[in-house]
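Here are a few short exercises to work through with the model open beside you. Try each task before reading its solution.

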Amino acid sequence: MARLQGLGKYDRLYGINVRDALRAEFARRAASGEAWAASLADADVRFQNDATLFALGLSRLYPHERLLCLTLGTGLGSAFIEAGRPVAGRSGVPDSGMLYAEAYRGRLVDEQFGRRGILELADRMRARRPEQDVRDLADTARSGDIASLLVFREFGTRLVEMLSPYIHSFRPQRLILGGQIAKSSDLFAAELNALLQPYECELQTNNQVMEFTYLGIDALFQ
């Protein structure tokens, strides 16, 4: 039963058994002659967070390692992986296995580490014109604009401050960033590397989020 609230378009699913709804739709389409839907009417339907699926897909590259994977988009998706399995409730990892609902400086992590967080920070630092999005800010920073560059450095400093206790307790061997904001990670990687170096943790970015998410879906059925 869906219990999503406050997430825009997903609010319409509240109170709906999504698994049953999907199967009913597949059955309706199969009955109307859409052959592809027939086998799906009785399919095993499973659900998982998209950031966790991305991380599970990546774990196929590093099957014996501890990974902390972040998807930086509208907000912050996250997953802790050890030997190909999600970790939750131990080694300093939140009970949910995710960081989005944790508190940082009195607010939710999800509100501060993604597009919303960067734009809010840029507005607070008076470094953004109203029409500028994150990509515009990144381009401006790379062109030498000090105000824009300072926004990303401050973002990196705050990201380090938030991640530090989890890096210390979980001790991942790799911190892997995906999502649109990860494409600007060259502007805040120095701050992250300074945090990771004592732990011998490698920072990576990955632009194949969808591909590895599908590998993660496959992993759900193994």
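**Exercise 1.** In this predicted model, find which residues L163 touches, leaving out those up to four places away in sequence.

*Solution.* Start by collecting heavy atoms within 4.5 Å of L163, since that is what contact means here. The partners that remain are L68, L70, L99, L175, L192 and L195.

**Exercise 2.** Work out which residues have the most contacts inside the largest nonpolar core, and which elements build that core.

*Solution.* Step one: the largest nonpolar core holds 43 residues, and M162, L163 and L175 have the most contacts inside it. Step two: list the elements that give two or more residues to it, namely strand 1, strand 2, helix 4 (115–124), helix 5 (134–142), helix 6 (146–170), strand 6 and helix 7. Step three: rank the contributions; helix 6 gives the most, with 11 residues. Step four: look for what lies apart, and you will find a second, separate core of 11 residues that includes F54, C69, I81 and F212. As background, nonpolar side chains tend to be buried together in soluble globular proteins.

**Exercise 3.** Decide how far strand 6 (residues 174–178) is enclosed by the rest of the structure, and explain why.

*Solution.* Take a residue as buried when its relative accessible area is under 20%. By that test 5 of the 5 residues of strand 6 are buried, so the strand is largely enclosed by the rest of the structure. Next, split the strand by face, because side chains in a regular strand alternate between the two faces of the sheet. R174, I176 and G178 lie on one side and L175 and L177 on the other, and both faces are covered.

**Exercise 4.** Trace the strand partners of strand 6, and then place strand 6 in the sheet order.

*Solution.* On one hand, strand 1 (residues 66–72) runs parallel to strand 6 and is joined to it by 5 bridges; L70 stands opposite L177 there. On the other, strand 7 (residues 202–205) pairs with strand 6 in the parallel sense over 4 bridges, with R174 opposite E202. Between strand 6 and strand 7 the chain passes through helix 7 (residues 189–196), in a right-handed β-α-β crossover. The open sheet of 5 strands therefore reads 3-2-1-6-7, with mixed pairing. Strand 3 (85–86) and strand 7 stand at the edges with a single partner strand each, so one side of each has no neighbour in the sheet.

**Exercise 5.** Find how strand 2 (residues 76–82) and strand 3 are joined, and which helix packs on the sheet.

*Solution.* Strand 2 and strand 3 run antiparallel and share 2 bridges, and E82 stands opposite R85. Helix 2 (residues 50–59) packs on the sheet, touching strand 1, strand 2, strand 3 and strand 6. Its direction makes about 40° with that of strand 2.

Definitions and conventions:
Residues are numbered from 1 along each chain as its sequence is written. This is a predicted model: local features need pLDDT of at least 70, side-chain atom pairs count only at pLDDT 80 or more; totals for chains, interfaces and linings use all residues. Side-chain values use heavy atoms; hydrogens and water are left out. Buried means under 20% relative accessible area, exposed over 50%, partly exposed in between (1.4 Å probe, protein chains only). A crossover is right-handed if, with the strands pointing away from the viewer, the path from the first strand over the helix to the second runs clockwise. Axes are lines fitted to C-alpha atoms, for helices over the stretch in contact, and angles run from 0 to 180 degrees between N-to-C directions. A nonpolar core is a set of buried Ala, Val, Leu, Ile, Met, Phe, Trp, Tyr and Cys residues joined through side-chain atoms within 4.5 Å.
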